[in-house]
Amino acid sequence: MKKMVSDQVKAGNERAPHRSLFFATGMKREDMKKPFIGICNSYESFVPGHCHLNKVGEWIKQCVIEAGGVPMEFNTIAVCDGIAMAHAGMKFSLPSRELIADSVESIARAHCFDAMICVPNCDKIVPGMLIGALRVNIPTIFASGGPMAPGKHPKTGKDTDLNSVFEAVGAENVGKITKKELEAVEETSCPGCGSCSGMFTANSMNCLYEALGLALPGNGTILAIDEKRKALWRAAAFRAVEMAKKGGPVPRDLVTKESLDNALTLDMAMGGSTNTVLHTLAIAREAGVDYSLERMNEISARTPYICKLAPSGHYHVSDLDAAGGIMAILKRLPKKLLNLKTKTVSGKTLGQQIAAAKISDDDVIRTLDNPYSKDGGLAVLWGNLAERGAVVKKGGVAPSMMNFTGKAICFNSQEEACEGILGGKVKPGHVVVIRYEGPKGGPGMQEMLAPTSYIIGAGLGESVALITDGRFSGATHGACVGHVSPEAAEGGLIGLLKNGDEITIDIPNRAISAKLTKSEIAKRRKALKPWTPRIKGGWLERYAQFVGNASTGASLKQ
């Protein structure tokens with residue numbers, strides 16, 4: 001075995017003090033000859049996606065020891081977007097990605113791991129860990145906590161999830177259901193541990209990592225409560241030790257333009273969360289790969305949409321797992337759309353993994369002659385309202401809303417919008433504008449699951465659109481356009497809109513615009529008061545100073 005990274009803290013007489021500290025934790029002298037495996041765990045007792053990860057960490061540690069390594073577990077934070085939703089806590093969600101990346105880099109560099117196993121589950125944790133791993137660039141494998149099983153509607157018996165509860169709030173507000181019915185939905189929709197059960201952001205990212213080559217097949221789809229998950233965690237532990245001894249592959253070997261193309265192709269084929277766009281851009285930037293929104297649109301244009309999961313469809317991640325999982329989706333796609341020679345943490349190429357997959361349900365994973373659409377489930381829009389792009393989950397938009405022109409009704413925060421929607425201010429034909437919620441303006445780029453769910457719950461899903469410089473939960477569906485760039489806080493046109501302005505959203509032609517003349521825009525810009533930060537003091541003030549545009553992944557400026 002080649003010289004180990006961990007020799008920096010354990011080899012030679014000068015490292016006797018270091019070894020003494022390791023011995024205090026229960027290590028033995030013979031452990032100093034073994035690879036040190038960092039286990040990056042996002043366990044928290046109060047977050048459903050993470051509340052079981054303490055037990056997962058213990059299992060993985062046992063497996064690392066069995067494989068001949070020394071496990072060294074540490075924790076990162078994990079903001080639950082559902083709990084943080086619709087109040088000021090959501091401002092901390094996206095920024096937490098940067099704190100996670102910094103903590104992974106700090107611990108791994110300070111303690112000189114030979115390899116790392118990342119055990120994330122929810123939205124920002126997955127990309128945050130990878131951004132940190134790319135900086136350290138030691139062999140790293142991702143083994144997520146797994147998705148939650150869907151709930152069951154107390155009346156209909158249909159599958160439900162967290163989004164069902166948000167929409168039920170909107171339905172109860174307009175008298176469609178009773179308070180007792182709302183309570184029944186909230187008590188049954190999240191039945192246990194795991195990341196929320198639809199193709200929301202956490203599951204989207206965990207699935208994308210299979211195509212990216214950073215996780216073993218099954219990482220994104222095997223349920224948290226499924227016994228098969230233990231075998232996956234075990235395999236990841238053994239593989240991490242093996243990679244540590246070999247010295248690779250490392251993250252920068254795996255995150256390439258070709259593997260990012262594979263991941264985005266999968267994303268388009270299964271209509272993942274719009275947040276995947278934001279995170280993928282940030283990951284590419286950290287990996288030193290030039291990747292753009294234009295390229296994502298090119299991939300969308302050539303990729304058929306063949307797997308529609310909640311919130312856009314009625315199937316859940318558990319159904320996809322039963323149908324063959326991520327490798328089965330990739331197997332269905334034309335080979336010319338994928339780079340089959342890309343490397344993966346398994347030691348096999350992506351093509352070899354796909355070849356071993358089986359497709360067992362042609363309705364969950366549709367055939368190429370029966371796609372939901374001939375192009376992908378996500379799209380990037382451009383126009384005077386989004387000179388640097390905006391993103392829409394096309395697969396979650398009703399056909400009648402693919403082309404929509406309406407009158408703006410403007411809100412300067414998510415909270416203001418929620419109050420307006422629940423208060424009956426939003427009517428058919430409106431385009432709800434929620435601004436000053438971008439990375440800088442929010443700050444923190446809040447998710448808009450509450451307002452979008454209230455619109456759907458009120459029965460306005462096919463008569464009202466929404467645009468924002470904020471972002472959406474993976475649970476969002478409907479004619480909702482996010483990541484509008486430039487954002488209002490940096491002078492974007494979205495900040496100049498007035499109630500009654502005519503806005504056109506043309507998804508087939510990838511366009512979004514406001515019917516305003518250049519002279520009128522210039523007049524309004526001249527009269528606009530300078531933007532002043534909403535928050536003074538603390539982490540968010542610093543974040544607002546250094547965060548970049550959504551079109552570059554809302555990464556911190558370097």
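In this predicted model, Asp 161 sits in the loop that links strand S6 (159–160) to helix H7. With a relative accessibility of 5%, Asp 161 counts as buried, since the cut-off for that class is under 20% relative accessible area. Beyond its neighbours within four places in sequence, Asp 161 is in contact with Ser 189, Ser 197, Phe 200, Ala 310 and His 316. The C-alpha atom of Asp 161 is also separated by 8.5 Å from that of Thr 188, a residue 27 places apart from Asp 161 along the chain.

The loop that holds Asp 161 leads to H7, and the packing of this helix can be described next. The axes of H7 (residues 162–173) and helix H8 (residues 179–188) come within 9 Å and cross at roughly 175°. Because angles over 145 degrees count as roughly antiparallel, H7 is roughly antiparallel to H8. On the side of H7, the contact is made by Ser 164, Val 165, Ala 168, Val 169 and Glu 172, and on the side of H8 by Lys 179, Leu 182, Val 185 and Glu 186. By class, the residues of this contact comprise 5 nonpolar, 1 polar and 3 charged.

One of the contacts of Asp 161, Ala 310, also takes part in an unusual backbone feature. The peptide bond from Ala 310 to Pro 311 is cis, with omega near 15°. Pro 311 belongs to the loop between helix H14 (293–302) and helix H15. Another cis peptide bond joins Gly 248 and Pro 249, where omega is about 5°. In this case the proline lies in the loop between helix H10 (228–246) and helix H11 (251–254). Most residues other than glycine have a negative phi, and most peptide bonds are trans.

Positive phi values also deserve attention. Ala 86 is not a glycine, yet its phi is positive, about 70°. Ala 86 is placed in the loop between helix H4 (81–84) and helix H5 (93–111), and at 31% relative accessibility it counts as partly exposed. Cys 112, likewise not a glycine, has a positive phi of about 60°. The loop between H5 and strand S3 (115–119) contains Cys 112, which counts as buried at 8% relative accessibility.

A glycine with positive phi is found after helix H13: Gly 288 follows this helix, and its phi is near 75°. The geometry of H13 itself can be checked by simple arithmetic. The expected span is 1.5 Å times one less than the number of residues, so the 13 residues of H13 (residues 275–287) should span 18 Å, and the end C-alpha atoms are indeed 18 Å apart. The helix is mostly covered, with 12 of its 13 residues buried. Among these buried residues are Asn 275, His 279 and Glu 286, along with Val 277, Leu 281 and Ile 283.

Ile 283 connects this helix to the nonpolar interior through Tyr 209. Leaving aside neighbours within four places in sequence, Tyr 209 is in contact with Val 126, Pro 127, Leu 130, Phe 142, Leu 214, Ala 215 and Ile 283. Tyr 209 is one of the members of the largest nonpolar core, which has 106 residues; together with Ile 117, Ile 329 and Leu 330, it touches the most other members. A second, separate core of 33 residues includes Ala 379, Ile 467, Val 484 and Ile 503.

Ile 329 and Leu 330 lead to helix H16, where both are among the buried residues, as are Gly 325, Ile 326, Met 327, Ala 328 and Arg 332. Since 7 of the 8 residues of H16 are buried, the helix is largely enclosed by the rest of the structure. Its buried residues pack against helix H9 (201–212), helix H12 (257–270), helix H15 (317–323) and helix H17.

The loop between H16 (325–332) and H17 (350–355) contains Leu 337. Is Leu 337 buried or exposed? Its relative accessible area is 8%, so Leu 337 is buried. Apart from neighbours within four places in sequence, Leu 337 is in contact with Thr 265, Arg 302, Thr 303 and Pro 304. Leu 337 and Thr 303 are 34 residues apart along the chain, and their C-alpha atoms are separated by 7.4 Å.

Notes
Residues are numbered from 1 along each chain as its sequence is written. This is a predicted model: local features need pLDDT of at least 70, side-chain atom pairs count only at pLDDT 80 or more; totals for chains, interfaces and linings use all residues. Side-chain values use heavy atoms; hydrogens and water are left out. Helices (H or I, at least four residues) and strands (E, at least two) are DSSP runs, numbered from the N terminus. Buried means under 20% relative accessible area, exposed over 50%, partly exposed in between (1.4 Å probe, protein chains only). Contact means heavy atoms within 4.5 Å. Axes are lines fitted to C-alpha atoms, for helices over the stretch in contact, and angles run from 0 to 180 degrees between N-to-C directions. Angles under 35 degrees count as roughly parallel, over 145 as roughly antiparallel, 65 to 115 as roughly perpendicular and the rest as oblique. Ala, Val, Leu, Ile, Met, Phe, Trp, Tyr, Cys and Pro count as nonpolar, Asp, Glu, Lys and Arg as charged, and the others, Gly among them, as polar. A nonpolar core is a set of buried Ala, Val, Leu, Ile, Met, Phe, Trp, Tyr and Cys residues joined through side-chain atoms within 4.5 Å.
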